[in-house]
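Colleague: Before I plan anything at the bench, I would like a close look at a single part of this model, namely its nonpolar core. Could you take me through the core and then through what surrounds it?

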Amino acid sequence: MNSSQPRRILVAIKRVVDYNVRIRVKPDGSGVVLDGVKLSINPFDAIAIEEALRIKERGQADEVVIATIGPADCQATLRNALAMGAQRAIHVVADSPLEPLDNARVLLKLAERELPFLVILGKQAIDDDNNQTGQMLAALWNRPQATFASKLELTDTSAKVTREVDAGLETLDVDLPAVITTDLRLNEPRFVKLPEIMKAKTKPLATLPLSEIGVAGTVRMKVQKTEPPPGRQRGIMVKDTAELFAELSKRGLV
Amino acid sequence: MKKILVIAEHAGGKLNASTSKVVKAASALAGSEIAVAVFAAPGSPVAAQAAQIAGVTRVIEVANAVHEHALAAAIAPQIAELASSYSHVFGPSTTFGKDLMPRVAALLDAPQVSDVMAIESATRFRRPIYAGNAITTVEVSAERIVATIRIASFEAAGTGGSAAVEAASPTVAVPTHTRFVSLAAAGGDRPDLQSANKVISGGRALASSDAFKLIYSLADKLGAAVGASRAAVDAGYVPSDMQVGQTGKIIAPELYVAIGISGAIQHLTGIKDARTIVAINKDGEAPIFEVADIGIVGDLFTIVPELEKLIDASRK
């Protein structure tokens, strides 16, 4: 890497329905109710921001840049990220949601401009649950990916990443630059203090229309219908262990 | 005719059960040709195992020492090369497939449908969003479609197939920027959590790593796998690979016993396809009882040993 270049981390975040909100499906099947619902930084993305800040605080990065893709009113989300401690933010304005591959294309353009040594994202957004954008960015950028990270150790030229996989904990060694996606146990994001919120108001926030990025935003996946999941029926209550055992035996389960 | 390329998942010379379920999902597109691609080290028995899955038309084996451990960065470009004549590329929605398939989709300039729970046609799929609190039907228009298959939604395909195994050697360069270092498996002799018929899970109420012995003991009596809630994992009682729920494993066993688990939405997402859910909890208002087929309110430290004794007695 060119040593005159600041060591920069790009963190991509998404604004989603707050994870505490119990979502409701619209009766006409056209989607979920979003009016008046609390919106927040996707929890996995907050972990991504925290990790980037910790790397900078350890002296292993010079700058943390936050990017989001979304409508005009999602700048408040970027201000929150700046209040956590990031240096500046980029808002790519897209009025309607992009498909994951187009999100990755936008992030690729940003990576080519910003030349980060790490791009960190949440492993998935908790609205669409797609779990695609980070991997797609890594593919388009032709760089390594380390998804579902629960531990990250850096050298000047590589990252050792522990990943939460079905079989246990896998460790990969990847060359930099690389794309990292975060899992829940990577860290616990900090709480933002009021003075930081004030300070964040004056931090640089660049606005870029999607057209300027040169990504068209094609729609290839159309949601035809959104339905509530089939509910499970509440079953029976038993009063003691003997009854529990009898019930399990009757159903051939013990 | 649709041509579907299924990416096999395997480890330690053994085909993962997820592969058979993905084949089953693919067979929903009647009259399709289903090929299974196996990326393995030379001499691996996995391709032969894949050939026995019912419904598989052919097995494409890419034998290369770099495939000793599955690395998305190494496999994805080769899949993209092999996929040129296929209409669909499917992988399992396990951490293997979730890591790999979007990388494949990007290289193919194809849209990916994640966590497919039903295939309605070659272009129409059902998938959960918002942690399974809504189900969408998605219509896809693209020359090639990549998908990950939610394995809890499909049965395994049968066996008895005898597909031909063909060797393939993609010409694309395999990147060296990503290296496998280690895998720390919790392992043990218990059944695999993701494919077990019975699963016993413990939650925060166990209150210690030591108390999980109760869970292990009951599980071993029943030949069950052991799972845990996120609270129990975060508290350090058990390793993270035991987590059941939206961000852990999504499972569909015949029997799921939730012990000392209150039933956060994220946990319920992981178990709602279980055939029978049993809940043991001291809080009668716990949300787990809303989905339980059999519920009992009481102290797990009393009920679990009592239950184990009754099981013992019934087997004498």
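Modeller: What follows starts with the core and moves outward to a helix, a strand and the contact between the chains.

This is a predicted model, in which local features need pLDDT of at least 70 and side-chain atom pairs count only at pLDDT 80 or more, while totals for chains, interfaces and linings use all residues. Residues are numbered from 1 along each chain as its sequence is written, and chains are lettered from A and ligands numbered from 1 in the order in which they are written.

A nonpolar core here is a set of buried Ala, Val, Leu, Ile, Met, Phe, Trp, Tyr and Cys residues joined through C-beta atoms within 7 Å; a residue is buried if 20 or more other C-beta atoms lie within 10 Å of its own, exposed if 12 or fewer, and partly exposed in between, with C-beta atoms placed from the backbone. The largest such core has 180 residues, and among the members that touch the most others are Val11(A), Ile49(A), Ile66(A) and Val104(B). This core draws at least three residues from each of domain 1 (3–167) and domain 2 (198–314) of chain B, the bounds coming from an automatic or database domain assignment. Apart from it lies another core, of nine residues, including Ala125(A) and Ile129(B).

Leaving out residues up to four places away in sequence, Ile66(A) touches Val11(A), Ile13(A), Ile49(A), Leu78(A), Ala81(A), Leu82(A), Ala86(A) and Ala89(A), where contact requires C-beta atoms, placed from the backbone, within 7 Å.

Ile49(A) is also one of the buried residues of helix α1 of chain A, in which eleven of the 15 residues are buried. This helix covers residues 43–57 and reaches 21 Å from its first C-alpha to its last, close to the 21 Å expected, that span being 1.5 Å times one less than the number of residues. Helices (H or I, at least four residues) and strands (E, at least two) are DSSP runs, numbered from the N terminus. After α1(A) comes Gly59(A), with a positive phi near 85 degrees.

Elsewhere in chain A, Ala149(A) is found in strand β7, residues 145–154, and Ala149(A) counts as buried because 24 other C-beta atoms lie within 10 Å.

As for the two chains, their contact takes 65 residues from chain B and 64 residues from chain A. Strand β12 (residues 221–227) of chain A pairs with strand β10 (residues 134–140) of chain B in the antiparallel sense over six bridges, pairing being called when DSSP finds at least two bridges, and Thr226(A) stands opposite Thr136(B).
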